Each structure stands twice: as C-alpha cells, then as structure tokens.
Amino acid sequence: MNQIAAKKKSYSEHIDQHAHSHAQLIMPIRGKLYLHLGQQKQLAAVDQQSLYYIPPYCNHCFYSEGSNEFLVIDIPEVLLDSKAFIHQNDGRAFPLTSRWSAIRHLVLTELDCAAEEETTDLNVLYPYIEKCLTSGQKPKSIQYIHNHFDKLNNRLSIKELANIEHYNRSYYSEWFLKVTGSTPAVYIQKLRVNKAKLLLCQTSLSIADIAYQTGLEHQASLTRLFRQHVQLSPSQYRKMHRPTNG
C-alpha cells in the first residue's frame with residue numbers, strides 16, 4: 001500500500017477487533033463510533049465534534065449503534081515519518097476543527113470524482129494532513145531534525161540538538177530515547193529511509209539522486225541504510241512496491 005485511500009463506511013453493533021500496517025483517520029459524517037485502542041482503559045468516541053487517528057499496528061476494537069456513516073482515510077506507513085507522535089501506540093482524538101472539516105470536504109469531493117471515473121490522488125493532501133496531526137506535537141529539536149535531515153553534509157550533532165532544548169548532552173540523549181523510542185542517529189536514519197521509500201515509489205529518480213535528496217553523499221550509504229532497516233536494497237524495494245501500469 002503506497003497511496004492514501006479513502007472510503008465511506010458504516011459500522012454495526014457487533015464489536016469487531018483488528019490491527020493493520022497502515023494508519024487510519026476516522027471522520028464523522030453521521031452517527032457515533034465507539035473505539036477502544038491499545039492500552040487505553042476507556043472507550044473513545046467519534047461523533048460530530050471529533051475524529052480519531054489510529055497509528056499503524058495498533059490493535060483496536062470498535063462498534064456503533066443506530067444509523068451511522070464515517071469517512072475512513074487509510075494512510076500507508078511509507079508516508080509516516082514522525083515517530084514522536086504519529087507512530088505512537090494508542091492513537092488520539094482530535095476536535096473537528098475547521099481545518100479538519102476542510103480536509104473531510106476535499107476527500108469526499110475526491111471520492112465523488114473517482115466515482116465519475118476521473119483521476120484522483122489523495123497523496124497530495126498528506127502534507128496538510130500531517131501538519132494537522134502533528135501541530136504542536138514535535139519538540140523544537142525534533143522539528144529541527146525534520147527540517148534539516150535531508151540537507152547534504154549537514155551534521156546534526158547531539159550538542160547542537162541538546163542546546164535547542166536547553167538540555168545538557170547526557171540528559172538530552174535519555175530524553176530523546178524516551179520521546180521517540182530511538183537514538184537521534186537512528187531517528188535520522190529512519191527519516192532518510194522513509195523519504196527514500198517515497199521517492200522510490202513515486203518518482204523515476206536514480207538511486208544516486210535519491211541518496212542525495214535524503215542527505216547522503218553516496219549511493220552506497222543509502223543501500224547500506226536500506227539493508228539495515230528494510231532488509232532490501234533500494235532497487236529491490238522499488239521493484240516490490242512501485243505501482244505497475246496496466
């Protein structure tokens with residue numbers, strides 16, 4: 001799954017349970033949906049004032065009562081690169097603000113276009129969706145990493161990142177691990193791999209050019225990262241995941 005997909009869906013009173021490798025946004029059209037995710041002890045509700053984000057691989061159960069309809073947006077894992085929030089274990093409710101209402105309107109319009117056999121690409125909406133998901137969520141140093149990880153030869157030192165948060169170097173390393181689940185070096189590696197995955201799937205750029213656009217000087221460096229994190233070479237990943245024509 002490399003493309004954002006969306007559908008209208010109704011739920012029954014039967015309690016269902018599953019998990020999936022993609023993230024999911026559930027937005028109300030009418031009715032109310034009850035959710036129980038991960039380690040959360042209380043039920044969450046998606047209604048006319050709220051929506052819900054479910055991260056990848058999060059086990060969740062759900063049911064509804066009465067007439068209902070929801071917009072469900074599936075977001076492929078390859079697009080997700082903010083482990084500090086959008087890969088967290090338990091998901092999150094959001095108030096249905098004017099921004100989210102605008103996204104819902106755009107996606108529903110795109111679904112109508114698709115029904116009329118017009119071309120549609122929901123991936124173009126993802127930067128705005130991610131901005132709404134992560135707004136106010138990333139600490140300054142993590143946002144700095146996201147803004148600079150793909151700059152060639154930009155060495156992001158622990159000292160520099162710690163200074164952004166006004167922490168000493170030792171405490172910053174412990175704090176970063178607690179917030180993101182990885183060290184700064186591994187976090188940056190994963191950002192580079194995720195950006196490369198997207199470029200491999202959606203462009204015809206050479207592997208060397210993709211390495212350059214992810215902040216790496218040599219193609220071999222990208223290949224090494226892929227074998228470490230994906231257990232495939234970039235070429236093998238592209239062959240397996242890039243959509244074929246026809």
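## The chain at a glance

About 13,100 Å² of this chain is exposed, with carbon and sulfur atoms supplying 49% of that area. Keep in mind that what you're looking at is a predicted model. Of the chain's 246 residues, 44% count as buried.

As for secondary structure, you can pick out 9 helices and 9 strands. Now take the contacts between residues at least 6 apart in sequence: 72% of them join residues at least 24 apart.

## The sheet

Let's start with the strands. Five of them, in the order S1-S8-S3-S6-S9, make an open sheet with antiparallel pairing. Which strands stand at the edges? They're S1 (5-9) and S9 (92-95), and each has a single partner strand, so one side of each is left without a neighbour in the sheet. Going from one strand to the next, the twist averages 20°.

Zoom in on S1 and you'll see that it pairs with S8 over 5 bridges, in the antiparallel sense. Look for Lys9 as well: it stands opposite Phe70 in S8.

## A helix across the sheet

Next, find helix H2. It lies across S3, S6, S8 and S9, and runs at about 100° to S9.

One residue to look up here is Ile129. Setting aside neighbours within four places in sequence, Ile129 is in contact with Leu25, Ile75, Trp100 and Ile103.

## The nonpolar core

In soluble globular proteins, nonpolar side chains tend to be buried together. Here, the largest nonpolar core has 39 residues, and the members that touch the most others are Leu25, Ile73, Ile75, Trp100 and Ile129.

Where do the core residues come from? Strands S3 (23-30), S6 (50-54) and S8 (69-75) each give two or more, and so do helices H1 (98-115), H2 (126-134), H6 (184-202), H7 (207-213) and H8 (219-229). Which helix gives the most? That's H6, with 5 residues.

## Two helices that pack together

Finally, have a look at helix H3 (residues 140-148) and helix H4 (residues 158-165). They pack at an angle of about 135°, and their axes are 8 Å apart. That angle makes H3 oblique to H4.

Which residues make the contact? On the H3 side they're Lys140, Ser141, Ile142, Tyr144 and Ile145. On the H4 side, look for Glu160, Leu161, Ile164 and Glu165.

Methods: Residues numbered from 1 in each chain as written. Predicted model: local features only at pLDDT ≥ 70, side-chain atom pairs only at ≥ 80, totals over all residues. Heavy atoms only, no water. Core = buried A, V, L, I, M, F, W, Y, C linked by side-chain atoms within 4.5 Å. Buried < 20%, exposed > 50% of the residue type's maximum accessible area, 1.4 Å probe, protein only. Helix = DSSP H or I, 4+ residues; strand = E, 2+ residues; numbered from the N terminus. Contact = heavy atoms within 4.5 Å. Areas by Shrake-Rupley, 256 points an atom, 1.4 Å probe, with all protein chains shown as cover. Pairing = 2+ DSSP bridges. Axes fitted to C-alpha atoms, helices over the stretch in contact; angles between N-to-C directions. Parallel < 35°, antiparallel > 145°, perpendicular 65-115°, else oblique.
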